[in-house]
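These are my notebook entries on a structure that I looked through residue by residue and then as a whole. I began with one arginine and worked outward from there.

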There are 2 protein chains.
Amino acid sequence: MPEIRRLLDANRAYVDDHHGFDGPRPRRRIAIVTCMDARIDVFAALGLELGDAHVIRNAGGRVTDDVLRSLALSSHALGTTSVVVMQHTRCGLAGVSNTELEEVTGAGIEFFVIDDHVEALRSDLQRIRDTPYLGVFDEVVGFVLDIDTGAVAEVVDT
Amino acid sequence: MPEIRRLLDANRAYVDDHHGFDGPRPRRRIAIVTCMDARIDVFAALGLELGDAHVIRNAGGRVTDDVLRSLALSSHALGTTSVVVMQHTRCGLAGVSNTELEEVTGAGIEFFVIDDHVEALRSDLQRIRDTPYLGVFDEVVGFVLDIDTGAVAEVVDT
């Protein structure tokens, strides 16, 4: 297991340097939903420190049932009051069809492809607003991150 | 929107410092599935650089349908060949019952609570192994991260 071994070796150095935290509640009461894309450093891109925010990530940064499950715990049990859904340019889910992805993967499932980021974000933010079992979020906002420049290029409000 | 404004202000500093990436394929061909917990810095804990790995995060770091959707794209479309499921000590999903979480949140849903990490990881790794529409993963491993020391305290293999 060469890659796994390398991860574990790196972890030993991390331990020497580690500072513990007291509780699980995000200090800045923020939950960020974003894409799994390897090019996104959520903390650096948004000036967050470790301990500040929940980070929920999946293919596309889409608000799926599983994201709602995570947000239910985040808001009710752990006190978050702001949520940002951050999608990004050059995403693997943008500009492709579900049929194409079914062909590539062999999976006959819903992939939550993105035709247009503003439209996808509006629909995802609405899904958060419409879900009765989430805690009250004071701020529910969508960002489009430009993967080339690192800038939040668009802000979509509800 | 005070918190959102602060995120956007921080992003401006990030842009000045940003280096772009060429493609979306994770350089080290790794996908990490872990918890949304605010105390986890995936890159630091495992010695990963930006661009090395997909990062998929939800409440608990459990292998749900949405994680399988993300892994289908990660493996077939973006070439990952190793997957690590990393859960952690003092997780909000460990040592509670689904009924308790239903009461806290008001949501009558499956929360994927964790009675025992080794058992939960074995079942999650098996779910990855049993899903026919994922690409071939050479390495499928579970880690338990000790949130206090930062150490990978247990490694669960398939």
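**Entry 1, Arg62 in chain B.** I asked first whether Arg62(B) is buried or exposed. In this predicted model, Arg62(B) has a relative accessible area of 8%, and because the cut-off for buried is under 20%, Arg62(B) counts as buried. I placed Arg62(B) in the loop of chain B that runs between strand E2 (53-58) and helix H3 (65-77).

I then looked up what surrounds this side chain. Leaving aside residues up to four places away in sequence, Arg62(B) touches Val33(B), Val67(B), Gln87(B), Phe112(B), Val113(B), Ile114(B), Ala120(B), Ser123(B) and Asp124(B). One of these, Asp124(B), offers its side chain for a polar contact with the side chain of Arg62(B), at 2.8 Å. For another, Ala120(B), I noted the distance between C-alpha atoms, which is 8.0 Å from Arg62(B) although the two residues are 58 apart along the chain.

**Entry 2, Arg62 in chain A.** I turned to the other chain and found Arg62(A) in the loop between strand E2 (53-58) and helix H3 (65-77) of chain A. Arg62(A) is at 7% relative accessibility and therefore counts as buried. Which backbone oxygens does the side chain of Arg62(A) reach? I found the backbone oxygen of Phe112(A) at 3.1 Å, and that of Val113(A) at 3.1 Å as well. Both residues appear in the list of what Arg62(A) touches, which, not counting residues up to four places away in sequence, also includes Val33(A), Val67(A), Gln87(A), Ile114(A), Ala120(A), Ser123(A) and Asp124(A).

**Entry 3, two arginines with positive phi.** I checked the backbone angles next. Arg29(A) has a positive phi of about 60° although it is not a glycine, and I located Arg29(A) in the loop between H1 and strand E1 (30-35) of chain A. Its relative accessible area is 44%, so I recorded Arg29(A) as partly exposed. In chain B, Arg90(B) is also not a glycine and has a positive phi of about 60°; its place is in the loop between strand E3 (82-88) and helix H4 (98-105). With a relative accessible area of 40%, Arg90(B) is partly exposed.

**Entry 4, the fold of chain A.** I stepped back to the whole chain and counted five helices and five strands in chain A. Read from the N terminus, their order is α-β-α-β-α-β-α-α-β-β. Along the principal axes, the C-alpha atoms of chain A fill a box of roughly 45 × 40 × 30 Å. Chain A has 158 residues, of which 59% count as buried. When I looked at contacts in chain A between residues at least 6 apart in sequence, I found that 62% of them join residues at least 24 apart.

**Entry 5, where the two chains meet.** How many residues does each chain bring to the contact? Chain A gives 78 residues and chain B gives 78 residues. Between them the two chains bury about 6400 Å², with 65% of this area on carbon and sulfur atoms. On the side of chain A, the residues that lose the most area to chain B are Met36(A), Arg39(A) and Arg69(A), which together make up 11% of what that side buries.

I went on to the polar features of the interface. Two salt bridges are found across the interface of chain A and chain B, and one that I looked up joins Glu3(B) to Arg28(A), with the closest N and O atoms 2.7 Å apart. There are also 27 residue pairs in polar contact across this interface, counting pairs in which both residues are at pLDDT 80 or more. Helix H1 (residues 2-16) of chain A gives the most to the side of chain A that touches chain B, namely ten residues. By kind, the residues of that side divide into 45 nonpolar, 17 polar and 16 charged.

**Entry 6, how the copies are related.** Last, I looked up the operation that superposes chain A on chain B, and found a rotation of 180° with 0.0 Å of shift along its axis, at an RMSD of 0.0 Å. The two copies are thus related as by a two-fold rotation axis. Which residue of chain A comes closest to the rotation axis? I found that it is Arg57(A), whose C-alpha atom lies 2.3 Å from the axis. The same surface serves both copies, as 100% of the contact residues of chain A recur in chain B.

Technical notes
Residues numbered from 1 in each chain as written. Chains lettered and ligands numbered in written order. Predicted model: local features only at pLDDT ≥ 70, side-chain atom pairs only at ≥ 80, totals over all residues. Heavy atoms only, no water. Contact = heavy atoms within 4.5 Å. Buried area = accessible area lost by both parts, 1.4 Å probe. Salt bridge = Lys/Arg side-chain N within 4 Å of Asp/Glu carboxyl O. Polar contact = N/O pair within 3.5 Å; in protein donor to acceptor, adjacent residues only side chain to side chain. Nonpolar A, V, L, I, M, F, W, Y, C, P; charged D, E, K, R; others polar. Least-squares fit on C-alpha atoms with pLDDT ≥ 70 in both. Buried < 20%, exposed > 50% of the residue type's maximum accessible area, 1.4 Å probe, protein only.
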